[in-house]
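Me: Could you take a close look at the helix packing in this model, and in particular at one helix and what surrounds it? I would like a connected account that goes from the core to the contact between the chains.

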Amino acid sequence: MDYTQLLLVTWPDLIVVLGVFAALSVDYTRYKNSPIEIRSDKVAMITSLSLLLALAGVVWQLILGEGSPGVPAGIWEGQIVLTPLTLGFKALVFALALFILQFARSQVPNQHVSEYFGLILLSTLGMGFLITTQNLLMLFISIELISISLYGLTAFQNSQRFSVEAGIKYFAIGGVSSAFLLFGISYLYGATNALAFDAIVAALNNGAVPSGYLWIGSAFLLVGLGFKIAAVPFHLWAPDVYQCAPVPVAAWIATGSKIASFFVLVQLFGPVLQISVHRNTLIIGIVLISLLSMALGNIGALRQTCVKRLLAYSSIAHAGYILIGFIAASREGNVSVLFYSVVYAAATLGAFAIIGILSHRLGREALIKDFNGCWKKNPGLSLLFMIFILSLAGIPPLSGFFGKFYLFMAAIGSRPEIAGWSDGFYWLVAVALLMSAVSLFYYIMVLKAFLVSNESPSPSPIKLSKVEGTGLVILALLVLGLGILPMVLVDFINYGFSYP
Amino acid sequence: MTALLTVIISYLAAVVLGIIPGRHYRLIRGLALVTGLSTLAVSLVCYGQFRLGEGGTFQNVIELPWIPAIGAEFKVGVDGLSISLLMLTGLVAVCGVLFTWTLRERANQFYAYYFALIGGVFGVFLSLDLFLLFVFYELAIVPKYFIIAIWGSGRKTYAAMKLVLFSFVGSAVALLGLIAIYYGSGQHTFDLVQLMHSGEFSPKFQIVVFPVLFVGFGILAGMWPFHTWAPTGHVAAPTAASMLLAGVVMKLGAYGCLRVAIGLLPEGAVYWAPVVGWIAVINIVYGALIALVQTDFKYVIGYSSVSHMGFVLLGLATLNEVGLVGASLQMFSHGVIGALLFALVGSVVYSRTRSRQLGDFHNLVQRMPGICWTFVAAGLASMGLPGFSGFVAELHVLIGAWNQDRFSIWIMVMAGIGVLATFAYTLVKIHEAFFGKSSASASDEPYAPMTLAEKIGCGLLLSIATVIGIYPPLLTSILEPSLAPILEALAAAGKEVF
C-alpha cells in the first residue's frame with residue numbers, strides 16, 4: 001500500500017480531524033473553568049478554522065484537478081475517488097457544515113461544548129467520504145460515521161427527555177437501516193463479486209449475474225438508503241428527530257446528510273437503474289416510494305403547529321419530489337436530482353437557521369404562532385425567511401422552482417410520448433404538482449405568521465451576529481441566484497458526469 | 001428594449017418602495033404614482049412605435065440565451081395584442097395607486113407587493129418563451145396573497161388562500177400542458193415563435209393537450225366551474241388589488257388561453273370550440289344571474305366580472321377574426337370598466353358609507369350625486385351601451401359567435417339571455433344602491449364629494465372606455481394584424497379537422 005497516495009487524497013480530511021482534537025484538548029485544559037459562552041466561542045473558532053482550511057484544501061484539489069501529480073484520481077478500488085463532481089459536492093457539504101457551525105455557536109445546548117462541535121465535524125467527515133467513495137464497503141463505513149455522530153448529536157440535550165427519546169428512536173431505526181444496507185451490500189457483492197461501483201456496473205453489463213441475488217441486493221440497498229433520505233415508508237424517525245434535536249443538528253440532518261445520501265444514491269443506482277434486468281421493478285418501487293412520500297409528507301405537514309415538525313414533513317415530501325428525477329434513470333434525471341438536493345439544502349438550512357435564531361430564547365419548541373408579527377421587530381429576518389420558504393414551495397424566481405421544474409422535465413423526458421395518460425410520467429408529475437399546491441398551503445400559513453399577522457411579538461428585535469447575518473445573506477443569494485442563473489450549477493454537474 | 005422597461009421599472013419599484021420606511025407614506029405613494037405613470041408611458045411609447053405593416057410579427061424582440069438545458073431562452077417582444085394589454089396594465093396600475101391614495105398602514109410593503117404583482121403581469125404579456133411566460137405567471141401569484149391577507153377586508157385570509165391555491169393549481173395544470181408541448185413539438189424548445197411556425201403537433205396530441213392548457217389558463221380567467229375564487233377574492237381584496245385582479249390578472253388567463261392554447265394548438269381549438277362556447281355562455285348567464293341576487297355591492301361587481309369574462313371566452317371560442325378581435329377588445333374593455341366599478345364600490349362609495357350592503361344605502365343619489373352619476377355611467381358602460389367600449393367588444397363577440405357554424409343555436413339563445421340578464425342586474429343594482437331608501441338609517445346628510453385623486457382616476461378610466469367605444473380602430477388596428485397568424489393557423493386547422 002502506498003501511504004503517500006492516501007495522504008495526498010485525504011489531507012483536507014486530516015485537517016478536520018486535527019481540528020477536532022485541538023478543539024477537545026483546548027476546551028478541556030485551558031478553558032476548563034471558563035463560562036460556556038467563551039468556551040463555545042473558542043471551540044467554534046478552532047473548528048471553523050480547521051473546516052475552512054479543509055474546504056480550501058478541497059477547492060484546491062478541485063482546481064488542480066485531473067492528472068496533476070498532487071491529486072490522485074482515486075485509490076484502492078474506488079474507496080476514494082476524486083473527480084470534479086465528487087470534490088465539488090464535498091466542498092459544498094464542508095461549506096454547509098461551516099454555516100452550521102456558525103449557527104450552532106450561539107446555541108450550545110449544554111456544557112459539553114467541544115464534543116458538540118467535534119461530533120458535527122465528524123459527521124461532516126463522514127459525509128465527505130460518502131460523497132467521494134465509489135466502493136460499497138467505504139460507503140457503509142461513511143454512513144456509519146455520519147449516523148453515529150448524528151445519533152449522539154440528536155440526544156445532546158440530555159436534560160430534556162424528548163431529545164433523548166428522539167436520539168434513541170433515531171438510533172434504533174438507523175441501526176435497522178444499517179442492517180438493511182449491510183445485507184444488501186453482501187448480496188450485491190455476492191451477485192457481482194465486486195465492491196467498486198464501476199466493477200459492479202461492468203459485471204452487470206456482462207450479464208452473467210444471478211438475478212435473484214441482484215434483486216435482493218438492490219432492493220435492500222434501496223431500503224437502507226431510503227431510511228437515510230427519510231422517504232416513506234422509512235420516514236418514521238424524521239418528525240421526532242427534527243423536532244427534538246437541537247436546531248442546528250436538525251438543520252444538519254436535513255441538509256448535509258440528505259445531500260450526501262442523494263449523491264451516493266445517484267452514484268450507485270444511477271448506472272444500475274439504466275442497465276439492471278430489474279430496472280422496471282425497481283422503478284415501480286421507487287415510484288411508489290415517491291408517491292407515498294409526497295402524499296404523506298405534504299398531508300402530514302398540514303396539521304403541524306410546530307415549525308420544525310412541519311419542516312420535517314416537508315422534507316419527507318421533498319424526498320418524494322427528488323425521487324421523481326431519479327425515476328427518469330437518465331443523465332438529465334441524475335443532474336436534476338443533484339441540483340435539487342443542493343437548492344433544497346440551501347433553502348432548508350436558511351429556514352432552520354432563522355427558526356433557531358428566533359426561537360432560541362423561547363426555551364421550548366417553536367410553534368408557528370410564536371412567530372406572529374415577526375415582520376415588525378425583525379423585518380430583515382422575515383424577508384429572508386420568505387425567500388427560503390418560497391423556494392421550498394417552488395415559487396419562481398427562486399431556485400426551488402427551477403429545481404422542481406427540472407426534475408419534472410427529466411421524468412417526463414425519459415418517456416415523452418403520449419399515447420394515453422398512463423404512459424410516461426405525466427400522471428406522476430401531475431400528482432407532484434397537485435401536492436405542490438398542498439404544500440403551498442402550509443408554507444403560506446407559516447409565512448402568514450411571519451408577515452401578515454398584526455400582533456405585536458413580545459421579544460425585542462434580535463441582534464444578529466455579523467457571521468450569522470452574512471451567512472444568511474449568502475444562503476439567500478444562493479437560493480435566488482441559482483433560480484435566476486441555474487446553468488451555473490447544472491453545467492458543473494453535467495461536466496462532472498461527463499468526466500470519465 | 002422599450003417594452004421590457006415595464007417589467008424592469010415595476011420590479012425596481014417593488015424593491016425600492018419596500019425598503020423605504022413605512023412612515024414616509026407620502027413619499028411612497030408619490031413614487032408609486034410615478035412608477036405607475038412611467039409604466040403607462042412606456043406602454044404608450046410601445047403603441048406609438050408599433051409598426052402596423054409588420055403587425056403579424058413580434059416587434060421589439062430581445063433574445064438572450066438563458067437555460068439551454070431545458071431549451072429556455074430569455075425572449076420578450078410585443079405584438080398588438082400584448083401592447084393593448086400592456087397599456088391596460090399600466091392604466092390600471094396608475095388608477096390603483098390613485099384609489100389607494102389614503103393608505104398609510106404598511107404602505108411600503110403594500111406597494112412592494114403591488115408592483116411585484118404588476119411586474120409579473122407585464123412579464124407574462126411580454127414573454128415569447130413559454131418557460132419565461134410561466135415564470136412570470138407564477139411570480140404574480142404570491143404577492144396577491146399578501147395584498148389580500150394584509151390589507152383586505154372580511155374573510156380576507158380565507159379568500160386570499162383560496163385565490164392563491166386556485167391560481168397555483170391552474171398554473172400547475174398549465175405547466176403540465178407546457179411540458180407536453182415541449183416534448184410534443186419534437187423540437188425541445190419553449191420558444192413561442194418557433195413553436196407557432198414550425199411546431200408539428202399531431203391532431204391527436206392537440207386534442208388531448210388543448211383542454212389541459214385551456215383549463216389551466218382558464219382557471220385564472222374565471223372560467224366556470226373554476227371561477228369561485230374570483231368573487232370571494234375580489235371582494236376581500238383592497239380596492240387597488242380588486243382593480244388589478246379583475247382588470248388585469250384575469251386577463252392573464254385569457255391571454256394564456258389565446259396565445260398558448262389556441263395559438264399553438266389550433267386543431268385542438270377547433271375540435272373543442274363548441275364545448276368552450278357552452279362553458280362561455282354558462283359563464284355569462286350564471287355570473288349575471290348570481291349578480292342579480294347579491295346584496296353585497298362588491299359581490300355584484302365580482303360576479304359581473306365572471307359574467308364579462310364569459311364574453312372573452314365566447315369570443316375565443318368563435319375562432320374567427322371578428323370573435324377573436326372581440327375577445328381581445330373585451331379583455332381591454334372589461335379591464336378598464338371592471339377596474340372602474342371596483343374602484344367606485346370598494347373605495348369611493350365604501351369610504352363614505354362605511355358599508356357595502358345594498359340595504360344600508362339610503363338616498364345616495366341626493367347625498368352623493370357626483371359619485372352616483374359616475375357610477376351610472378360606469379354601469380351603463382359595463383352593460384354594453386353603445387358609445388362605450390363594452391358595446392363594441394360584445395358586439396364583435398356576438399357577431400363572431402353568429403358566424404361560427406358549429407355553435408348550436410342554443411348557445412346564441414343563452415348568450416342573448418346573458419345580455420338581458422346583464423341589463424337586468426345592472427339596472428336593478430344601480431336602482432337599489434343609489435335610488436333606494438333604507439329604513440334603518442334615514443339621514444339625508446350629504447357625503448363628501450370626490451377627492452381630486454378619485455376624480456382623476458374615474459375620469460381617466462371612464463374617458464378611455466368612451467374613447468375606445470367611439471373610435472375602436474385605436475385598438476382594432478393593432479389587434480387585427482396581430483391576430484392574423486393565429487387565424488391563418490386556425491383556418492388551416494379547420495380544413496384539416498373537417
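Reply: What follows starts with the core, turns to two helix pairs and ends with the contact between the chains.

The model is a predicted one, and the helix to begin with is α13 of chain A, residues 331-359, which with 19 residues gives the most to the largest nonpolar core. That core has 405 residues, and those with the most contacts inside it are A:Ile120, A:Ile389, A:Val479 and B:Leu313. The surroundings of A:Ile120 can be listed in full: leaving aside residues up to four places away in sequence, A:Ile120 touches A:Ala97, A:Ile100, A:Leu101, A:Ala104, A:Leu153 and A:Trp252.

Helix α13(A) packs against helix α19 of chain A, residues 487-498, with the two axes 10 Å apart and at an angle of about 130 degrees. That angle makes α13(A) oblique to α19(A), and α13(A) passes α19(A) in a right-handed crossing. On the side of α13(A) the contact is made by A:Arg331, A:Asn334, A:Val335, A:Leu338, A:Phe339 and A:Val342, while α19(A) brings A:Leu489, A:Val490, A:Ile493, A:Asn494 and A:Phe497. Sorted by class, the contact of α13(A) with α19(A) has eight nonpolar, two polar and one charged residues.

A second pair, this one in chain B, can be set beside it. Helix α17(B), residues 389-403, and helix α18(B), residues 409-435, have axes that come within 10 Å and cross at roughly 165 degrees; the two helices are therefore roughly antiparallel to each other. Here α17(B) passes α18(B) in a left-handed crossing, and the contact is made by B:Leu398, B:Ala401 and B:Trp402 of α17(B) together with B:Ile411, B:Met412 and B:Ala415 of α18(B). By class, the contact of α17(B) with α18(B) has six nonpolar residues, with no polar and no charged residues.

The last part of the picture is the contact between the chains, where 25 residues of chain B are in contact with 28 residues of chain A. On the side of chain B that touches chain A, the elements giving two or more residues are α5 (130-139), α6 (141-151), α7 (156-184) and α9 (203-220) of chain B. Of these, α7(B) gives the most, with 12 residues, and the residues on that side of chain B divide into 23 nonpolar, one polar and one charged.

Technical notes:
Residues are numbered from 1 along each chain as its sequence is written. Chains are lettered from A and ligands numbered from 1 in the order in which they are written. This is a predicted model: local features need pLDDT of at least 70, side-chain atom pairs count only at pLDDT 80 or more; totals for chains, interfaces and linings use all residues. Axes are lines fitted to C-alpha atoms, for helices over the stretch in contact, and angles run from 0 to 180 degrees between N-to-C directions. Helices (H or I, at least four residues) and strands (E, at least two) are DSSP runs, numbered from the N terminus. Angles under 35 degrees count as roughly parallel, over 145 as roughly antiparallel, 65 to 115 as roughly perpendicular and the rest as oblique. A crossing is left-handed if the near helix is turned anticlockwise from the far one by less than a right angle, and right-handed if clockwise. Two residues are in contact if their C-beta atoms, placed from the backbone, lie within 7 Å. Ala, Val, Leu, Ile, Met, Phe, Trp, Tyr, Cys and Pro count as nonpolar, Asp, Glu, Lys and Arg as charged, and the others, Gly among them, as polar. A nonpolar core is a set of buried Ala, Val, Leu, Ile, Met, Phe, Trp, Tyr and Cys residues joined through C-beta atoms within 7 Å. A residue is buried if 20 or more other C-beta atoms lie within 10 Å of its own, exposed if 12 or fewer, and partly exposed in between; C-beta atoms are placed from the backbone.
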